[in-house]
Amino acid sequence: IQLFKIYWDEDDIKAVSDSVRRGMNWASGPNIEEFEKKLAEYLGVEYVLAFNSGTSALHSALMAYGIKEGDEVIVPSFTFIATSNAVLMVGAKPVFADIEEERYGLDPEDVKRKITSKTKAIIPVHYGGCPCKISELKEIADKSNILLIEDAAESFGAKENGKLVGTFGDSAMFSLCQTKVFTTGEGGFMVVKSRDLYEKMKLLRSHGRAESGDYFATGEFMDYVSLGFNFRMPYIVA
């Protein structure tokens, strides 16, 4: 039995072919903005940023929040390695908490036991299309004044008490890798609630470049104002 099979149709082939035939906008362009807009409308949020992977999105979010060496981030002991790797990439310490047996998500009671004065964030995972006990975890995060960053990589469209996952926390990461609910082959996106975080992550996504238009379609000068990565989602992928 196959683990998964990707659904595609002729519309997908046409969309990619049209992108190639255009002869430009292979790396950036209006497809990406339209993709972000549709995701934001579906989720009922204001800010969505597309990335070349969910891992890149989560890494960028932790950097934008200023999480660094000496900080602790609570993550589930049962998750894909990217959840903890993103924490290590910013020099912070992943603190593993147990999962509960009903939904295989972070156990709120064990999370309480793992909180210290160094805890800056909790990253709960919505595993396999199933929401974790996100309402209880949000209550804990709010009470402790800790960031709540949802890892909703596998659970786009899932709901907890009628509310979509990815809309509970301060931000949320979704993956678009080939095994996910819907896929771009590789890719991911971040839902953010703060305009300040959104602007910081835009810089981190594209070399720290303060863009006032499409970099690849203009000769206009654009300044590089911070350190950044090449974490953009390609136009063809979007």
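Phe 96 is partly exposed, at a relative accessible area of 43%; the class means between 20% and 50%, with buried under 20% and exposed over 50%, for a 1.4 Å probe and protein chains only. Accessible areas come from the Shrake-Rupley method with a 1.4 Å probe, and for residues only the protein chains shown count as cover. Before I go on: this is a predicted model, where local features need pLDDT of at least 70, side-chain atom pairs count only at pLDDT 80 or more, and totals for chains, interfaces and linings use all residues. Residues are numbered from 1 along each chain as its sequence is written, and side-chain values use heavy atoms, without hydrogens and water.

Phe 96 sits in strand E3, residues 93–97. Strands (E, at least two residues) and helices (H or I, at least four) are DSSP runs, numbered from the N terminus. From Phe 96 to Asp 110 is 14 residues in sequence and 9.5 Å in space, C-alpha to C-alpha.

Asp 110 brings us to salt bridges, meaning a side-chain nitrogen of Lys or Arg within 4 Å of a carboxyl oxygen of Asp or Glu. The count comes to ten. In helix H5, Lys 112 pairs with Glu 109, with 3.3 Å between the closest N and O atoms. The two are three residues apart in H5, and therefore separated by about one helical turn. Both partners are partly exposed, Lys 112 at 45% and Glu 109 at 42%. Asp 110, Arg 113 and Lys 114 are joined into one network by salt bridges that share partners.

Two other bridges span more of the sequence. Glu 102 pairs with Lys 133, N to O 3.4 Å at the closest. That pair links distant parts of the chain, 31 residues apart: Glu 102 is in the loop between E3 and helix H5 (108–114), and Lys 133 in the loop between strand E4 (119–122) and helix H6 (134–144). Glu 102 is exposed, at 58%. The other bridge is Glu 160 with Arg 103, at 2.8 Å, N to O. Glu 160 lies in strand E6 (residues 159–160) and Arg 103 in the loop between E3 and H5, so this bridge ties together parts 57 residues apart in sequence. Is Glu 160 buried or exposed? At 10% relative accessibility, it counts as buried.

Next, the open space. The largest pocket holds about 740 Å³. On a 1 Å grid over the protein atoms alone, a pocket is an open set of points with protein on both sides within 12 Å along at least five of seven lines, a cavity is a set where a 1.4 Å probe fits but cannot get out, and lining residues have an atom within 4 Å of a point. Points are joined across faces, edges and corners, and a volume is the space filled by probe spheres set on them.

Of the 27 lining residues, Asp 12, Thr 183, Thr 184, Val 237 and Ala 238 are closest to the pocket centre. Helices H1 (10–22) and H2 (30–43) each supply at least two lining residues, and H1 gives the largest share, five.

There is one cavity of 30 Å³ or more, with a volume of about 40 Å³. Its lining includes Phe 156, Phe 174, Lys 180 and Phe 182.

Last, Trp 26, in the loop between H1 and H2. Trp 26 is partly exposed, at 46%.
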